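Work through these exercises with the sequence and the model open side by side. Try each task before reading its solution.

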Amino acid sequence: SNKNAVIEKGEREAPKQKPIDSITGSNSITVNPALSGQEYIVVPRAQMPSDIDWQTKAQIPGNENTIIFNDLTFAQTYVVYTRSVATDCYHASSAIAGDPLSIPKQPQAKPNADIQVSVTATSITVKPAFADQEYSLDHGIGWVSAENNKLIFDGLKPATDYELITRKAETDTKAASEA
């Protein structure tokens with residue numbers, strides 16, 4: 001009579017050291033060093049890692065100790081997890097989380113059109129005033145946005161020089177541009 005032996009996989013302990021990670025580029029996270037025998041995954045904060053998409057190999061030839069997670073969403077916070085890889089004899093270990101990392105907001109190019117204005121003795125009217133831009137008369141200390149593509153600076157001192165500057169406004173995912 002033949003008997004089939006079934007070998008159960010053993011459990012492994014989670015790694016003791018959190019992944020060493022940093023933000024590189026504007027929307028990438030780098031794990032360095034990526035330790036042999038461990039695998040890594042990046043997920044948005046407050047989301048648990050799945051059992052798929054773990055990475056063990058570097059994408060940069062000649063730099064096998066580094067794993068880069070690219071094309072992450074701007075203005076989002078992520079967590080890198082690591083665990084010991086599964087083998088023929090062991091299941092993958094439970095995962096350990098690194099510290100949360102926030103991807104900065106995406107940069108914007110500064111506006112490329114000159115500001116068109118009409119001037120009276122006590123006001124400056126911006127025309128057209130673009131909805132995605134902000135305007136400042138105090139060297140960028142305070143910024144105002146247009147309403148219905150119209151913006152009027154009232155109550156100005158007659159016979160006074162003013163410098164009007166503009167920039168692209170900050171959004172949920174984009175940083176304000178240079179003025």
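**Exercise 1. Unusual backbone geometry**

In which loop does Pro128 lie? Then inspect the peptide bond before this proline, and repeat the check for Pro33.

Solution. The model is a predicted one.
- Step 1: Pro128 sits in the loop between strand E9 (124–126) and E10.
- Step 2: Lys127 and Pro128 are joined by a cis peptide bond, with omega near -15°.
- Step 3: Pro33 belongs to the loop between E2 and E3. Its bond with Asn32 is cis too, and omega there is about 5°.
- Step 4: Set this against the general pattern. Most peptide bonds are trans.

**Exercise 2. Positive phi**

Find where Asn149 and Ala159 lie, read their phi angles, and classify their exposure.

Solution.
- Step 1: Asn149 is in the loop between E11 and strand E12 (151–153). Its phi is near 60°, positive although the residue is not glycine.
- Step 2: Ala159 is in the loop between E12 and E13. Its phi is near 55°, again positive in a residue other than glycine.
- Step 3: Recall the background. Most residues other than glycine have a negative phi.
- Step 4: Apply the cut-offs: exposed is over 50%, buried is under 20%, and partly exposed is in between. Asn149 has a relative accessible area of 48%, so this residue is partly exposed. Ala159 has 89%, so this residue is exposed.

**Exercise 3. Thr166 and its sheet**

Place Thr166 in its strand, then trace its surroundings and the sheet around it.

Solution.
- Step 1: Thr166 is part of strand E13 (residues 165–168).
- Step 2: Its relative accessible area is 8%; the limit for buried is under 20%, so Thr166 is buried.
- Step 3: Look for polar partners. The side chains of Thr166 and Gln133 make a polar contact of 2.8 Å. The Thr166 side chain also reaches the backbone oxygen of Glu134 at 2.9 Å.
- Step 4: Widen the view. Beyond four places in sequence, Thr166 touches residues including Pro111, Ile115, Tyr135 and Trp143.
- Step 5: Now the sheet. It is open, with three antiparallel strands in the order E11-E10-E13. E11 (144–145) and E13 are the edge strands; each has a single partner, so one side of each has no neighbour in the sheet.
- Step 6: Count the bridges. Strand E10 (residues 133–136) pairs with E13 over four of them. Within E13, Gln133 has Lys168 as its bridge partner.

**Exercise 4. Core and cavity**

Which residues have the most contacts inside the largest nonpolar core? Then find the largest cavity and its lining.

Solution.
- Step 1: The largest nonpolar core has 13 residues, and Ile29, Val31, Tyr40 and Val42 have the most contacts inside it.
- Step 2: Strands E2 (28–31), E3 (38–44), E4 (67–69) and E5 (77–84) each give two or more residues to this core.
- Step 3: Another core, of 10 residues, lies apart from it; Ile124, Ala146, Phe153 and Leu156 are among its members.
- Step 4: One cavity of 30 Å³ or more is counted. The largest cavity holds about 60 Å³ of space. Its lining includes Pro33, Tyr40 and Thr82.

**Exercise 5. A contact across the sequence**

Is Glu11 buried or exposed? Then list its contacts.

Solution.
- Step 1: Glu11 is in the segment before strand E1 (21–24).
- Step 2: With a relative accessible area of 61%, Glu11 is exposed.
- Step 3: Beyond four places in sequence, Glu11 is in contact with Tyr90 and His91.
- Step 4: Glu11 and Ser94 are 83 residues apart in sequence, yet 9.1 Å apart in space, C-alpha to C-alpha.

Definitions and conventions:
Residues are numbered from 1 along each chain as its sequence is written. This is a predicted model: local features need pLDDT of at least 70, side-chain atom pairs count only at pLDDT 80 or more; totals for chains, interfaces and linings use all residues. Side-chain values use heavy atoms; hydrogens and water are left out. A nonpolar core is a set of buried Ala, Val, Leu, Ile, Met, Phe, Trp, Tyr and Cys residues joined through side-chain atoms within 4.5 Å. Buried means under 20% relative accessible area, exposed over 50%, partly exposed in between (1.4 Å probe, protein chains only). Helices (H or I, at least four residues) and strands (E, at least two) are DSSP runs, numbered from the N terminus. A polar contact is a pair of N or O atoms within 3.5 Å; within protein, one must be able to donate a hydrogen and the other to accept it, and residues adjacent in sequence count only if both atoms are side-chain atoms. Contact means heavy atoms within 4.5 Å. Two strands pair if DSSP finds at least two bridges between them. On a 1 Å grid over the protein atoms alone, a cavity is a set of points where a 1.4 Å probe fits but cannot get out, and a pocket is an open set with protein on both sides within 12 Å along at least five of seven lines; lining residues have an atom within 4 Å of a point. Grid points are joined across faces, edges and corners, and a volume is the space filled by probe spheres set on the points.
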